[in-house]
Amino acid sequence: MTTLDSSFAPTRCIQEAFDADEHAQNLTRWQQEYDQLSPGSFYGRLDEVALETMQVFKEYTGQALRQDCRVWPNSLWIGIPTTRQGTRINGQSLSAGEVMCRPGGRDFELVTPETFDIYGLVIQLPALAEAAQRQGVSLDKRWQERPRRPAPKETLNAVSFLIERLLTSQTLTIASHIHQDILLMALLELLQAEQPSAELPPSYAHRKDVVDRVKRYVDEHLDGPVTMEELCQLTHVSRRTLQYSFTTILGISPLQFLRLTRLNRVRRALRAASPEQSVTDIATYWGFWHLGQFAHDYKQQFGESPSQTLNGRAF
């Protein structure tokens with residue numbers, strides 16, 4: 001069985017970032033891209049511990065985000081946010097007492113509010129199955145289809161406490177497999193409980209499809225303006241239905257989505273620019289022709305000017 005860390009004691013890593021997408025890259029072995037939704041300077045912190053067949057972390061983000069995520073294959077991710085209001089997974093709002101749950105190797109989308117903390121735990125599926133068999137536990141396999149999962153409050157508190165204690169311990173001299181065994185017992189308790197999930201409204205599937213079609217279209221037309229009329233024709237819905245679809249699935253309007261998506265793409269391009277590229281080159285390539293308004297909107301959104309982002313590039 002492949003292990004995450006072969007040393008005797010677990011290893012801890014603490015990383016801070018001042019850019020949302022840079023922060024997204026800090027989580028080991030995940031494929032992620034973050035778009036910043038709320039205006040202001042970004043700060044994120046990631047506390048991560050690698051065990052033998054398990055990844056444990058706590059993530060803090062100071063701005064609202066739209067996150068495209070994929071965890072490493074042949075694994076299971078459980079996400080336990082400290083607050084659920086304003087949190088969505090695949091367009092589904094998270095209710096009190098629910099956790100987020102996704103198998104590895106599959107894309108999923110999170111929308112998170114400002115000042116957001118979440119505990120995360122990723123376990124290799126063979127290790128989970130082996131532990132369940134050893135304990136005589138029958139796991140509820142519905143987590144493979146459902147991104148939200150109800151859990152008893154006592155179990156959630158216990159898992160959160162164990163993760164927090166592991167991440168904040170002054171010493172990690174206890175062997176990795178002991179930490180892992182303790183967390184596995186709590187995880188098995190969470191996964192074996194069969195509880196009904198909140199039913200989705202009948203409109204959910206249609207609204208999710210509308211938003212997904214718009215996102216695919218925008219990905220192909222980001223270098224120029226996209227109008228609401230185009231999107232209504234594309235999705236065969238009225239402006240009102242388009243509005244309802246976006247506010248339900250992403251918590252923002254279609255116009256906000258278009259504007260923020262382009263601004264975040266410009267920010268990525270500025271951070272990755274070659275020395276000969278200028279702010280004007282990049283802004284106009286992405287369809288921003290009124291450069292004064294662009295500079296104002298950019299600074300309001302990210303807390304720094306486009307030239308500051310360009311001058312701080314990694315190259």
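In this predicted model, the largest pocket is lined by 18 residues, and those lying nearest its centre are R66, D68, D107, E109 and K215. The volume of this pocket comes to about 300 Å³. Sorted by class, its lining is made up of 11 charged, four polar and three nonpolar residues. Both strands and helices contribute to the lining: β2 (31-36), β5 (65-70), β10 (108-112), α5 (204-220) and α8 (254-271) each provide at least two residues.

Three of the strands just named, β2, β5 and β10, also appear in an open sheet of five strands. The order across this sheet is β2-β5-β10-β7-β8, and the pairing is antiparallel. At the edges lie β2 and β8 (92-93), each of which pairs on one side only. Six bridges, again in the antiparallel sense, connect β2 with β5. Within this pair of strands, D35 has R66 of β5 as its bridge partner; R66 is also among the residues nearest the centre of the largest pocket.

Attention can now turn from the open pocket to the enclosed spaces. The structure holds four cavities of 30 Å³ or more, and the largest cavity contains about 90 Å³ of space. A lining of 14 residues surrounds the largest cavity, with Y34, E59, Q67, W77 and L110 lying nearest its centre. Two or more residues of this lining come from each of β2, β4 (54-61), β5, β10 and β11. The leading contributor is β10, which gives three residues. In terms of class, the lining of the largest cavity has 10 nonpolar residues, three polar residues and one charged residue, while the lining of the largest pocket has three nonpolar, four polar and 11 charged residues.

E59, one of the residues nearest the centre of the largest cavity, also offers a way into the surroundings of H23. H23 sits in helix α1 (residues 20-24), and it counts as buried because its relative accessibility is 1%. The side chains of H23 and E59 are joined by a polar contact of 2.8 Å. Leaving aside residues up to four places away in sequence, H23 touches A17, Y34, F42, G44, R45, L46, E59, Y60 and T61. Of these contacts, Y34 and E59 are also found among the residues nearest the centre of the largest cavity.

E59 and Y60 turn up again in the contacts of D117, a residue of strand β11. With residues up to four places away in sequence not counted, D117 touches K58, E59, Y60, P81 and T82. D117 and Y60 are 57 residues apart along the chain, yet a distance of 4.6 Å separates their C-alpha atoms.

Two loop residues deserve a brief look for their backbone angles. N74 is not a glycine, but its phi is positive, at about 55 degrees. This residue is placed in the loop between β5 and β6 (75-81), and N74 counts as partly exposed because its relative accessibility is 47%. T115, likewise a residue other than glycine, has a positive phi near 50 degrees. The loop that holds T115 runs between β10 and β11 (116-124).

Conventions
Residues numbered from 1 in each chain as written. Predicted model: local features only at pLDDT ≥ 70, side-chain atom pairs only at ≥ 80, totals over all residues. Heavy atoms only, no water. 1 Å grid on protein atoms, 1.4 Å probe; cavity = no way out; pocket = protein on both sides within 12 Å on 5 of 7 lines; lining within 4 Å. Points joined across faces, edges and corners; volume = space filled by probe spheres on them. Helix = DSSP H or I, 4+ residues; strand = E, 2+ residues; numbered from the N terminus. Nonpolar A, V, L, I, M, F, W, Y, C, P; charged D, E, K, R; others polar. Buried < 20%, exposed > 50% of the residue type's maximum accessible area, 1.4 Å probe, protein only. Polar contact = N/O pair within 3.5 Å; in protein donor to acceptor, adjacent residues only side chain to side chain. Contact = heavy atoms within 4.5 Å. Pairing = 2+ DSSP bridges.
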